[in-house]
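Q: Please take a close look at the nonpolar core of this protein. I would like the residues described one by one, and then the parts of the chain outside the core.

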Amino acid sequence: MINRFKKPLWWMIGLLVLVSSVLVQAQEAEFELAERIRAKVEAGETLNIYVSYQDVSNEFAPFIKRGVEQAAAELNVNAQFIGPVGSDADAQVAEIETLL
């Protein structure tokens, strides 16, 4: 059963590394934040990050959700794990469009 989760686990680790890298680069001024995000950071507001997953009810989703929650705590951001129940690409796209 563990082998089944290796690929998604590496994907999640990669995502967390990417988010961490973006925040570190922003702090080092090598990465230019969008003005609306910069304004929130300068005002001391907490950033909101949404991690969309194809099916939040599948057996691997709790592991991803836990990783999102841990990263949010470490990076001091509000992070939410979102996505449809059941694999429904149209529902996932609609949810992302609503967030945008």
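A: The account below starts with the overall layout, goes on to the core, and ends with the remaining parts of the chain.

The model is a predicted one. The protein has four helices and two strands, and from the N terminus these elements follow the order α-α-β-α-β-α. Of the 100 residues in the protein, 20% are buried. Among contacts with a separation of 6 or more, 67% are between residues 24 or more positions apart. The exposed surface of the protein comes to about 7,300 Å², and 55% of this is supplied by carbon and sulfur atoms.

The largest nonpolar core consists of seven residues: Val51, Tyr53, Phe60, Ala61, Ile64, Val68 and Phe81. Helix H3 gives the largest share of this core, with three residues. This helix spans 61–75, and a loop lies between it and strand E1 (48–52).

Phe81 is a convenient place to enter the core. It belongs to strand E2, which covers residues 78–82. Its relative accessibility is 16%, so Phe81 counts as buried, the cut-off being under 20%. With residues up to four places away in sequence set aside, Phe81 touches Val51, Tyr53, Val56, Ala61, Ile64, Lys65 and Val68. Several of these partners are themselves members of the core, among them Val51, Tyr53, Ala61, Ile64 and Val68. Val56 is 25 residues from Phe81 in sequence, and the C-alpha atoms of the two are 8.2 Å apart.

Phe60 is another core member, and it is buried, with a relative accessibility of 5%. Two aromatic pairs are found in the whole structure. In the pair of Phe60 and Phe63, the ring centres are 5.8 Å apart and the planes are at 35°, so the pair is tilted. An angle of 35° falls between the limits of under 30 degrees for stacked and over 60 for edge-to-face. Phe63, the partner in this pair, counts as partly exposed, at 43% relative accessibility. The tilted pair thus joins a buried ring, that of Phe60, to a partly exposed one, that of Phe63.

Asp55 sits in the loop between E1 and H3. With a relative accessible area of 11%, Asp55 is buried. Its side chain makes a polar contact of 2.6 Å with the side chain of Ser57. Apart from neighbours within four places in sequence, Asp55 contacts Ala61, Pro84, Val85, Gly86 and Ser87. One of these, Ala61, is a core residue and is also touched by Phe81.

Pro84 links this loop residue to a further part of the chain, as Pro84 is in contact with Asp55 and also with Gln92. Gln92 is in helix H4, residues 89–99, and is buried, with a relative accessible area of 17%. Setting aside neighbours within four places in sequence, Gln92 has contacts with Ser52, Tyr53, Gln54 and Pro84. Tyr53 is a member of the core and a contact of Phe81.

The loop between H3 and E2 holds Asn76. Asn76 is not a glycine, yet its phi is positive, at about 55°. Most residues other than glycine have a negative phi. Asn76 is exposed, with a relative accessible area of 60%.

Helix H1 runs over residues 2–27 and includes Ser20. Ser20 has a relative accessible area of 29% and is partly exposed. Its C-alpha atom is separated by 8.4 Å from that of Ala71, which is 51 residues away along the chain.

Helix H2 contains the salt bridge, and one is found in a search of the whole structure. It is formed by Glu35 and Arg38, whose closest N and O atoms are 3.6 Å apart. The cut-off is 4 Å, so the pair qualifies. Glu35 and Arg38 are three residues apart in H2 (residues 35–42), which means that about one helical turn separates them. Side chains of opposite charge can pair when their charged atoms come close. Glu35 is exposed, with a relative accessible area of 54%, while Arg38 counts as partly exposed, at 25%.

How values were computed. Residues numbered from 1 in each chain as written. Predicted model: local features only at pLDDT ≥ 70, side-chain atom pairs only at ≥ 80, totals over all residues. Heavy atoms only, no water. Buried < 20%, exposed > 50% of the residue type's maximum accessible area, 1.4 Å probe, protein only. Contact = heavy atoms within 4.5 Å. Areas by Shrake-Rupley, 256 points an atom, 1.4 Å probe, with all protein chains shown as cover. Polar contact = N/O pair within 3.5 Å; in protein donor to acceptor, adjacent residues only side chain to side chain. Core = buried A, V, L, I, M, F, W, Y, C linked by side-chain atoms within 4.5 Å. Salt bridge = Lys/Arg side-chain N within 4 Å of Asp/Glu carboxyl O. Phe/Tyr/Trp six-rings, centres within 6.5 Å; stacked < 30°, edge-to-face > 60°.
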